[in-house]
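Biologist: Can you pull up the model? I have a few quick things to ask about it.

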Amino acid sequence: MNDIDKKIIVFKNDVSSNCNLEKRYVKFLDDEKRYAIFYMPLVAPSNFKSYIKENEIYEAYLIDDHEALKKYQDNLYTFVSNNGVYEVSRGLIKEENYILLVDYGMQINLNLPKYSYEIKDDFIYLSKYKNNKNGFCYVANGDVNDNLKRIMIKVESVIPDVLSLKPFSIENDKKKKLKHK
């Protein structure tokens, strides 16, 4: 949504063996594991495991949907781009955004990032803007003009490019599951 590169990551030791998430390799740059880079080792398969171990490279997975987010919620890390590296923090960083859905043919031109979108359940999935007959949306952070905010929908985001129409709370989801048992 904004120009910040943010990724939600779970490490290999915290996922089930039949995980079908997109794999990433992480190399921490400091002993406290606060700064990292993503690594794509090009090593012969026969030497791969030893290379990863010797160079302290961790296998991890990218969280890009709410099902995986809920499943691994206790073991998530947020990686936020900061001066060429990623700053790592345990847990999730929730962002507040505003969205304006624009129908095709609606003549409006705002100086805000423009996306194509798809609504599924209570989530809006953003993608690179494509000129089509389904319309598009503008997305802004809380710095948007107050008059414009009045006509926009307030949304929350935890996963990059996925907006939640309802207030997002994993704790509430846990409570709901406990009640259903």
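Biologist: Which residue in E6 does Tyr77 stand opposite?
Modeller: Tyr77 stands opposite Arg90 in E6. This is a predicted model, so that pairing is a computed one.

Biologist: How many bridges do E5 and E6 have, and in what sense do they pair?
Modeller: Six bridges, in the antiparallel sense. Strand E5 covers residues 76-82, and strand E6 covers residues 85-90.

Biologist: What links E5 and E6?
Modeller: A hairpin turn with two residues between the strands. Asn83 in that turn has a positive phi of about 55 degrees.

Biologist: Which other strand pairs with E6, then?
Modeller: Strand E3, residues 35-38, pairs with E6 over two bridges, also antiparallel. Within E3, Tyr35 stands opposite Glu87 in E6.

Biologist: Where do side chains point along a strand?
Modeller: In a regular strand they alternate between the two faces of the sheet.

Biologist: Switching to the whole chain. How many helices and strands?
Modeller: Four helices and twelve strands. The C-alpha atoms fill a box of roughly 60 × 45 × 30 Å along the principal axes.

Biologist: What percentage of the residues is buried?
Modeller: Of 181 residues, 37% count as buried. The exposed area is about 11800 Å², with carbon and sulfur atoms supplying 47% of it.

Biologist: And what share of the contacts is between residues 24 or more positions apart?
Modeller: 69%, counting contacts with a separation of 6 or more.

Biologist: Last one, charges. How many positive and negative?
Modeller: There are 29 positive and 27 negative charges, and their mean positions are 4 Å apart.

Note on methods
Residues numbered from 1 in each chain as written. Predicted model: local features only at pLDDT ≥ 70, side-chain atom pairs only at ≥ 80, totals over all residues. Heavy atoms only, no water. Buried < 20%, exposed > 50% of the residue type's maximum accessible area, 1.4 Å probe, protein only. Contact = heavy atoms within 4.5 Å. Areas by Shrake-Rupley, 256 points an atom, 1.4 Å probe, with all protein chains shown as cover. Lys, Arg positive; Asp, Glu negative; His and termini not counted. Charge placed at Lys NZ, Arg CZ, Asp CG, Glu CD. Pairing = 2+ DSSP bridges.
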